[in-house]
Amino acid sequence: MSNSTRRSKVEKIKEESQFLRGTLAEELAQQTPNFSEASQQILKFHGIYQQTDRDVTRERKQQGLDQDYSMMIRTKNTGGACPAAFYLALDHLADTLGNGTIRVTTRQAFQLHGIPKQDLKATIQTIHNSLGTTLAACGDIERNIMSPAAPFAQRDYQRVEEYAQKISEALAPKTGAYYEVWLDGEKVHHYSTLTEEPLYGPTYLPRKFKTALTVPGDNSVDLLTNDLGLVLISTPGGEIEGFNVTVGGGMGMSHNSEETFPRTADPLGFVLPDQVIPVAQAVVRVQRDHGDRLNRKHARLKYLLADRGVAWFREQVERELGYALGPWRALPPWEYRDYLGWHEQGDGQWFLGLSVANGRIKDTEEWRLKSALHQILSTWGFDLRLTPHQNILIIGIDPEHRTAIDTILRDHGVLPVEKITPAERYSMACPAMPTCSLALTESERYLPTLVAQMAQQLTAMGLGDEKISIRMTGCPNGCARPYMGEIGLVGSAQEAYQLFLGGNLESTRLNQLFLKQVHRDQILEVLTPIWQGFKEERLAGEGFGDYCYRVGMDYLRTKL
Ligand code: SF4
C-alpha cells in the first residue's frame, strides 16, 4: 500500500463509526467507568475527553486498583458568547457532577472536569437544555470559532460576530449521532437528521481545524495561530467590502521531531462577503482531500502549506471555487487587546472584563470568583463573553448597577484589573497535570507561583509595569499558544521546560528556542540577567520580546 492510501488507526475508527455513532450508546449502558479506545476517539467529536487523575495513578496501582477515570466536557461557544442561563447551568453541573470548577479555554469555550461516565448523559442533556452544545468542540473537525469578545455596538464588530456564527453553522457536522446518543433521538432545531456529512465525508478531517475572525487592528483572537483566519475589511464610509483570508497557522509540535513545528498563517487573498462561506468550505475540502491521513503529527493544515507552498494551496482553493481570490488588502498594525476593566459598549450599556487566573473559575479562601459570578448573573441575568486569553466579560450592564457589581466582587476578593500585576494579566497556562494525559509536567498549577516570583523580581528591577506575555504548557502540543509568547515555557520533563524568547505582545511573531531544558527552580535565575540586559540596552519604547528578537538568542546566551 502506498503512503497516499495508507491511513492511521484513527482514520479507520472514524470511518467505521457511522458518522460518529460507533459503539457509544452500547458502552454508555455498561457499568464500566471508562470507554474503549475506539470510543474515546469518537467521543472527542462529541466534545468529550476521557481522562484520569494522574495524581493518584501510582497509589492506586500499588493498591491494585484501576485508574481513576472521569470525563472532561468542552462546550462550543462561537465567539465566546455565553447566555447567563447557560453559565448558571454549567456552574450547577460543576458543583453537582464535576470537580467544582469551570475552566475558560484559550478558544473562548468552557470545560468541565471530573464528570463520571455515568453522569455524561445528564450533563450533555443539561447543556443542551440550556441552549448550549458540546458537539465538535474537539475532534478532527472545525472547532469553536473565535472572534473578538468585546460587545462593542460598532458595525464591524457586529458583522464579525454574524459571520462567525454563519461559518460556524456552515462548518458544523450534520450527523444525527449527537442527539441519538445523548438526547435520546430528540430532533432539535440546529441539528439535521442526515446520516451523511456533505462537507466532511465519513472520515471528517485529518486533524483539528481552527478558525478565527476579527476586525483590522484587533488581534485579541491570536489570528495567525489559526488554520483559517478572516479579517473584515470595510470602506471608510462603513460599507462592508469583504475579508482578507489567512491560512496555515498552528501551534502544536512534538519534542525531538523536526518534521513538526509551530507556524504562523500565510496571507491567502481577499474575498467578497458572499464568498466567505464558499471559501471556508473550499479550504476545508482541500485539507480534507490533501492533508496527511497517515501521520497524525503531520496532519494539520499548516504542514500542507509548509510542504506544498501557498501558491499551490491557493490554486487548489480557486479550483474548488471556480474563481480567483482577490489580492490581499493592506492592514494596519495588530494590537493585543484583552478588554479587562470597565468599558462603555457604545449603546449606553457597559461591560466589565475580569481576569481569570489561568482560566480557572473557582472559589478559594481569598478569591471567590465562582460565587461572585453566580451572585451577579443570578441577580441581574447578564450574559458573558469569554476571551481567547481565558478571561470573562460580563456584558450589557446598565450604568446604575456598576457600583453594586464592584461591591460584590470586592466582597469576594476579586481584584479589579488595576490591582493585578502585568505579569499575571499577560500570562496564560494550559491545564496539564493532573488531568491531561499528554502533560510532561505542571502548567496551570505551577504558573501562578512562577508569575508571582516574576512580578516581584521585575518590580525590584524597576520593570514591574512592563507588559510581557508569558505562556506555559505542560507539553509541546501548545494549547496555550506558548510559541507566540514573549516568554514561552513548554514542558519537556518533570519540573522542566524548554524556554522560548522573542515573541511579541501583539502575537504576530513566533518566538525562538533559547534553552532546551531549564528546571523550574532556575527559570527566574535564567531570566534575571536577560531582563537586566533589556533594561540597559532596550531602544525607546521597545518591548521585552522585541528586544530579545533584535539582539538574538546567541547574544542573550552570553548573559547566562
Ligand atoms: Fe495537555 Fe499539552 Fe495541551 Fe497542556 S499543552 S493541555 S499538557 S496537551
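**Group meeting talk: contacts, salt bridges and a ligand shell**

At 6% relative accessibility, D338 counts as buried. The cut-off behind that word is under 20% relative accessible area. Before I go on: the model you are looking at is predicted.

Let me stay with D338. It is found in the loop between α11, residues 310-321, and β10, residues 341-344. Which residues is D338 in contact with, leaving aside its neighbours within four places in sequence? They are T387, L393, R425 and Y426.

Take T387 from that list. D338 and T387 are 49 residues apart in sequence, and their C-alpha atoms are 7.4 Å apart in space. T387 has its place in the loop between β13, residues 384-386, and β14, residues 392-397. Is T387 buried or exposed? T387 is buried, because its relative accessible area is 3% and the cut-off for buried is under 20%. If we do not count residues up to four places away in sequence, T387 touches V104, T105, Q108, A149, D338 and L393. L393 turns up here among the contacts of T387, and L393 is also in contact with D338.

Next, salt bridges. Side chains of opposite charge can pair when their charged atoms come close. How many salt bridges does the structure hold? The number is 34. I will go through three of them.

The first one I picked joins E11 and K14, with the closest N and O atoms 2.9 Å apart. Both residues sit in helix α1, residues 9-16, and because they are three residues apart there, about one helical turn separates them. E11 is buried, with a relative accessible area of 1%. K14 is buried as well, also with a relative accessible area of 1%.

My second pair is D55 and R445, where the closest N and O atoms are 2.8 Å apart. D55 lies in the loop between β1 (48-52) and α4 (57-62), and R445 in the loop between β15 (427-429) and α15 (447-460), so this salt bridge ties together parts that are 390 residues apart in sequence. As for accessibility, D55 counts as partly exposed at 42%, and R445 is partly exposed with a relative accessible area of 41%.

The third pair is E444 and R360, whose side chains meet in a salt bridge at 2.7 Å, N to O. E444 lies in the loop between β15 and α15, while R360 is in strand β12, residues 360-361, so the pair ties together parts that are 84 residues apart in sequence. E444 is buried, with a relative accessible area of 10%. R360 counts as buried too, at 10% relative accessibility.

Which residues do salt bridges with shared partners join into one network? They are E11, K14, D140, R293 and R296. So the E11 and K14 pair from a moment ago belongs to that network, because the bridges share partners.

Now two helices. Helix α16, residues 523-537, packs against helix α17, residues 544-551, at an angle of about 90°, and their axes are 10 Å apart. That makes α16 roughly perpendicular to α17. On the α16 side, the residues that meet α17 are I530, W531, G533, F534 and E537. On the α17 side, they are F544, Y547, C548 and R550. The residues of this contact divide into six nonpolar, one polar and two charged.

On to the ligand. What surrounds it? The shell is made of C430, P431, A432, C436, L438, A439, T473, G474, C475, N477, G478 and C479. By type, these residues divide into eight nonpolar, four polar and no charged.

Last, some backbone details. The peptide bond from M433 to P434 is cis, with omega near 5°. P434 is found in the loop between β15 and α15, and E444 lies in that loop as well.

Then there are two residues other than glycine with a positive phi: L131, near 65°, and S507, near 60°. L131 is found in the loop between α6 (120-129) and α7 (155-170). S507 lies in the loop between β18 (496-501) and β19 (512-519). L131 is exposed, with a relative accessible area of 69%, whereas S507 is buried, at 2%.

That is what I have for today.

Notes
Residues are numbered from 1 along each chain as its sequence is written. This is a predicted model: local features need pLDDT of at least 70, side-chain atom pairs count only at pLDDT 80 or more; totals for chains, interfaces and linings use all residues. Side-chain values use heavy atoms; hydrogens and water are left out. A residue is near a molecule or strand if one of its heavy atoms lies within 4 Å of it. Ala, Val, Leu, Ile, Met, Phe, Trp, Tyr, Cys and Pro count as nonpolar, Asp, Glu, Lys and Arg as charged, and the others, Gly among them, as polar. A salt bridge is a side-chain nitrogen of Lys or Arg within 4 Å of a carboxyl oxygen of Asp or Glu. Helices (H or I, at least four residues) and strands (E, at least two) are DSSP runs, numbered from the N terminus. Buried means under 20% relative accessible area, exposed over 50%, partly exposed in between (1.4 Å probe, protein chains only). Axes are lines fitted to C-alpha atoms, for helices over the stretch in contact, and angles run from 0 to 180 degrees between N-to-C directions. Angles under 35 degrees count as roughly parallel, over 145 as roughly antiparallel, 65 to 115 as roughly perpendicular and the rest as oblique. Contact means heavy atoms within 4.5 Å.
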